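Welcome! Have the sequence and the 3D view open side by side, and let us take a short tour together.

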Amino acid sequence: MPPLPTAIVELAGRQHRRGEAASRLLLQNRAFAFVEGYQLRRRIGRIDIHAELARIRPDDRGFAYEGAALAAGLADLATPRRGSRRNGSRSCDTHLGDLLAGPGAGFVHLIHVGAGWSAALLPWRVVHRRLALDPLLRWLALDGAGFARGFFGGPRWIRRLANRPDRQDPVQAVLWQGVGRSLWFVECGDGSGLSRQIERFPPGLRRELWAGVGLAASYAGGCTVRHLEQLRTLGGEDRAALAQGAVFAAEAQRTAGHIPAHTEAAVGTLTGVSGHTATTWARDSYESARALGPEIESYRWWQWEIRRRFTAALG
């Protein structure tokens, strides 16, 4: 596995927006936690990784698991496949399987996202075929690939990306959600900057970008309630997608055992319901999506159903 120096995720070094000092510091710390998780998994390997990750402060631990998942995914891609998926379930005889075991089960969403960072280095079809991921949650890895490309590509790459045609491809739609998440870091939580970036994209792609923004703003934090209210207004007709991203963030935090105050505040502002209600939407629709099968259309249905529930609650 290649080393991942801390400097590679420094927001200033990537020419990301400076933003407000408090937001920048918090988001920078989230990125550093990702690198710490990657380095821990690279140095320690499969033994006692959960004990080491448990030492990281709770609000940053999900990002550390995400980084550890990138290291584990790269290790699986670099070695012969020792396990196989039977009946649609992932093999435990893999580096990622070890990370998902025990305490890692609480970070299942972040681990799938982190594994997807490897798709920024390798073709998605290789990552998709070689990594033993959950049949439905594997599409979160595609979201992770989009985030990695947007984060490392920075504002200039994102502007070039905005000129690509909208192909209405469900796989590409999930990739765009990852790009939307990266915008939260690229623009350092600045709502006006986010809106300007998203307005450059074809209309059919904007809702997916807003879904990613909603997830990142709610999971990572980095803004006040006033800024969240501005974000809700800027989302406009794509507010349901923004809310769906917030619901995903709440469910990921609940699975890890705790919905922090910044996520609860973001979910309340962006969805109008409590974190508990939001996670109920996510869990109920997830079970229905699993019953539909492992294809991308099932994952997309999960997202659409959450958006539908938000719209119904909004009246």
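Here is a briefing that goes from the core to the surface, one topic at a time.

Keep in mind that this is a predicted model. Its largest nonpolar core has 98 residues, and a nonpolar patch on the surface is made by Leu292, Trp301 and Trp304. Between these two topics we will stop at a helix, two buried residues and a pair of cysteines.

**The nonpolar core**

- Within the largest nonpolar core, the residues with the most contacts are Leu53, Leu99, Trp184 and Tyr299.
- Helix H7, which covers residues 139-161, gives the most to this core, with eleven residues.
- As background, nonpolar side chains tend to be buried together in soluble globular proteins.
- Tryptophan 184 is a good residue to click on: leaving out residues up to four places away in sequence, its contacts include Leu27, Leu194, Val213 and Leu231.
- Several small residues also touch tryptophan 184, among them Gly189, Ala216, Ala217, Gly221 and Gly222.

**Helix H13 and its cover**

- Look for helix H13 at residues 261-271, where the buried residues are Thr263, Ala266, Val267, Thr269, Leu270 and Thr271.
- What covers these buried residues? The cover includes helix H10 (203-220), helix H11 (225-235), helix H12 (239-255), H14 and H15.
- Just after H13 comes glycine 272, and its phi is positive, near 80 degrees.

**Two buried residues in helices**

- Valine 35 lies in helix H1, which spans residues 21-44.
- Is valine 35 buried or exposed? Valine 35 counts as buried because its relative accessibility is 2%, and the cut-off for buried is under 20%.
- Leaving out residues up to four places away in sequence, valine 35 touches Leu4, Pro5, Thr6 and Val9.
- Valine 35 and tyrosine 65 are 30 residues apart in sequence, while their C-alpha atoms are 9.8 Å apart in space.
- Glutamine 303 belongs to helix H15, residues 296-314.
- With a relative accessible area of 0%, glutamine 303 is buried.
- The contacts of glutamine 303, again without residues up to four places away in sequence, are Gln177, Gln244 and Phe248.

**The cysteines**

- How many disulfides are there? The count comes to zero.
- Cysteine 188 is in no disulfide, as the nearest cysteine sulfur, that of cysteine 223, is 11 Å away, and a disulfide needs the two sulfur atoms within 2.5 Å.
- Seen from the other side, cysteine 223 is in no disulfide either, and its nearest cysteine sulfur is that of cysteine 188.
- Cysteine 188 counts as buried at 2% relative accessibility, whereas cysteine 223 counts as partly exposed at 22%.
- You can find cysteine 188 in the loop between helix H8 (170-186) and helix H9 (191-199).
- The phi of cysteine 188 is near 50 degrees, a positive value in a residue other than glycine.
- Cysteine 223 also appears among the residues that tryptophan 184 touches.

**A nonpolar patch on the surface**

- Leu292, Trp301 and Trp304 make a nonpolar surface patch of about 320 Å².
- Leucine 292 sits in helix H14, which runs over residues 275-292.
- Why does leucine 292 count as exposed? Its relative accessible area is 52%, and exposed means over 50%.

Notes. Residues are numbered from 1 along each chain as its sequence is written. This is a predicted model: local features need pLDDT of at least 70, side-chain atom pairs count only at pLDDT 80 or more; totals for chains, interfaces and linings use all residues. Side-chain values use heavy atoms; hydrogens and water are left out. Patches are made of residues with over 30% relative accessible area and no salt bridge: like charges are joined within 9 Å, nonpolar side chains (Val, Leu, Ile, Met, Phe, Trp, Tyr) within 5 Å. Accessible areas come from the Shrake-Rupley method with a 1.4 Å probe; for residues, only the protein chains shown count as cover. A salt bridge is a side-chain nitrogen of Lys or Arg within 4 Å of a carboxyl oxygen of Asp or Glu. Helices (H or I, at least four residues) and strands (E, at least two) are DSSP runs, numbered from the N terminus. Buried means under 20% relative accessible area, exposed over 50%, partly exposed in between (1.4 Å probe, protein chains only). A nonpolar core is a set of buried Ala, Val, Leu, Ile, Met, Phe, Trp, Tyr and Cys residues joined through side-chain atoms within 4.5 Å. Contact means heavy atoms within 4.5 Å.
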